[in-house]
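Please load the model in your viewer and keep a selection tool at hand. The stops below say what to select and what is to be found there.

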Amino acid sequence: MGDPVTAYTARLQQQEREIQSLSAEVESLKNPQNAEPSQRLEELREENARLKYRLNVMKRSLQEETTHCGKSMLNINQRLQDVFGEAIRASFPELDDPPLAVTPNQQAKFGDYQCNSAMAMAQMLKARGTKVNPREIAEKIVQNLPDNELVLRTEIAGPGFINIHLKKVFVSKLLSSLLLNGVQPPPLTARKKVVVDFSSPNIAKEMHVGHLRSTIIGDSMCRLFEFLGYDVLRLNHVGDWGTQFGMLIAHLQDKFPDYLTVSPPISDLQAFYKESKKRFDEDEDFKKRAYQCVVRLQSKEPDFIKAWNMICDVSRTEFQRVYDCLDIKIIERGESFYQDRMTRVVKEFEEKGLVQLDEGRKLVFVPGQSIPLTVVKSDGGYTYDTSDLAALHQRLFEEKADVIIYVTDSGQGTHFQVIFAAGQMIGWYDPQVTRVEHAGFGVVLGEDKKKFKTRSGDTVRLMDLLEEGLKRSMDKLKEKERDKVLTADELVKAQRAVAFGCIKYADLSHNRINDYVFSFDKMLDDRGNTAAYLLYAFTRIRSIARLANLDEALIKKAAETTEILLDHDKEWKLGKCILRFPEILQKILDDLLLHTLCDYLYELATTFTEFYDSCYCVEKDRQTGERPTIPFCYLLRRSGWRRGSWLR
């Protein structure tokens, strides 16, 4: 090896010569009339021009392929973010991660979309010591907009808002593609595994109105992920283990001593539970036997496992009645599933020195959390904390989930926050890689704005609620005289669709984070943002489609050969509204707030009504009788309106 000092000195001298040469070049460029640029500089300029030309050709080709060749619906908002993001980076390369805000414009007179980044960028520049007027920033962004296929023109308004007007031919082509291909979800870069934990009733207790929200919201989240192409595992984390089973088995032995050979007629498990609980609270001898039964159950003695299965099966039958009404598909995986795994999880925390003893209990303190987790009780038993840690571990390492969502009431938010923090502390997952989230929700209130109860003050049984919905739905249908035009079978189908659809939609149309008032009168009202109104609007669309009497082949041919005209304001408004569907899906995917879709469907329905009132939906040529344009009702029939069914 040579002398490193000599080598570094030579490199330094070479760099200094290059700096001097470049400095001279810069000076000559400042006075081009007095200096001839070097041959190398001219070569670089020519090469740079060629590269820029090729880059622009490739960008245009990519834009056209993305917009027109793919079967998936284009997310216009995302495409605008790409365009304006490029312009922002070109305008202010010195800003790291500059803000990018593109939203639909609320007033049509100001354009179709709006870029609101200039004001926030002005604050960033000010923090760096550069004071720039937001309007100047907006002007610079507009000047640097790359060639694109969707922006017709821009206008700068107010302190620096950039109003964006879309090209009608661009929107028309997207609508034609929608007619040809139907709604196709955006392509996934990878098919991720999603686990959704929802519903989660307790064995030996009937499902009540408190389980309604978790069941409806969780199922709808599953439908969203499934529609988008994810691999979804729907899990029901039922309460099927614990001390209560000791008292239930002891009571079963006393009341039905031949239960091992003759199936006990337990039809009302709720009453059976109350009887056993009363004895447990009042009879010390019974309580001792109940604890002995728990020990023998946990030891997995065959007779006790059989008794436990009998009790669980009665509950499962009742749960399934509710799930059948609401069209819920779910896999039961209760606390009992994780019993053996709990031991391994506690051992792992102990081996890593994360367990502390406190009066016989084993606790895990997580930095930054106000309460510890109790992983082992003083009597040696496990807790909900242990069960949820074991469930998290199983879903991460055995299911290999990329996304895990827990749908429970907001009151459990702190508990899950500590569980997730413990999982990160022990190194089970990185939140930047794996999404683990608690999707909390508020409580169901009665019309008196208090917790929803029966007149006697008891919790409302969910099955009673659904049966009441069926009764009211039938009353509503008869009030509208639908029983006179529908067959008996059709009437029952309509009854169930209206009843259960309205109950689901009433929940989903409210922000899940908030409490909501349960009212049959409001949810069955055919005015406003209700399922009844949407069903009415959809019926109108289908009736128009039947009147047009166009088959799918004719629609496809028309979409391939006929431009969708958007001359009328209401046509333009409806076309843009339909195409916002991918934006809505992306937003829900990000924040898991399903009311956004309900708001969109209501907007779509009212926008169609405006169109219906102002434009011909089915228009024939007076001379030939042919239909020269494609009715918008077909777009709705093939678009997000139909795909909204994954809410059901």
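Is glutamate 332 buried, partly exposed or exposed? Select glutamate 332 in this predicted model: with a relative accessible area of 31%, the residue is partly exposed. Now add arginine 316, with which glutamate 332 forms a salt bridge whose closest N and O atoms are 2.8 Å apart. Because glutamate 332 belongs to strand β7 (residues 331-332) and arginine 316 to helix α11 (residues 302-326), this pair ties together parts that are 16 residues apart in sequence. Arginine 316 also counts as partly exposed, at 26% relative accessibility.

Stay on helix α11 and select arginine 321 together with glutamate 467, whose side chains meet in a salt bridge at 3.2 Å, N to O. Glutamate 467 sits in helix α15 (residues 462-479) and arginine 321 in helix α11, so that here the parts tied together are 146 residues apart in sequence. The relative accessible area is 38% for glutamate 467, which is partly exposed, and 33% for arginine 321, which is likewise partly exposed.

Next, select Asp219, Arg223, Glu226, Arg234, Asp327, Lys329 and Lys504, which are joined into one network by salt bridges that share partners. Within this group, centre the view on aspartate 219 and arginine 234, whose side chains meet in a salt bridge of 2.8 Å, N to O. Aspartate 219 lies in helix α7 (residues 210-227) and arginine 234 in strand β6 (residues 231-236), 15 residues apart. Since buried means under 20% relative accessible area, aspartate 219 counts as buried at 1%, and arginine 234 is buried too, at 10%. A search of the whole structure finds 43 salt bridges.

Move on to the open sheet of four strands, which has antiparallel pairing and the order β1-β2-β4-β3. The edges are held by β1 (102-104) and β3 (151-157), each of which has a single partner strand, so one side of each is left without a neighbour in the sheet. From one strand to the next, the twist averages 25°. Select β3 with strand β4 (residues 161-166) to see the two pair in the antiparallel sense over six bridges, and then pick out glutamate 155, which stands opposite asparagine 163 in β4.

Finally, colour the chain by pLDDT, for which the mean is 87, with 84% of the residues reaching 70 or more. Select residues 640-647, where the pLDDT is below 50, although this stretch has 31 contacts in the model beyond near neighbours in sequence.

How values were computed. Residues numbered from 1 in each chain as written. Predicted model: local features only at pLDDT ≥ 70, side-chain atom pairs only at ≥ 80, totals over all residues. Heavy atoms only, no water. Pairing = 2+ DSSP bridges. Axes fitted to C-alpha atoms, helices over the stretch in contact; angles between N-to-C directions. pLDDT = per-residue confidence, 0-100. Contact = heavy atoms within 4.5 Å. Salt bridge = Lys/Arg side-chain N within 4 Å of Asp/Glu carboxyl O. Buried < 20%, exposed > 50% of the residue type's maximum accessible area, 1.4 Å probe, protein only.
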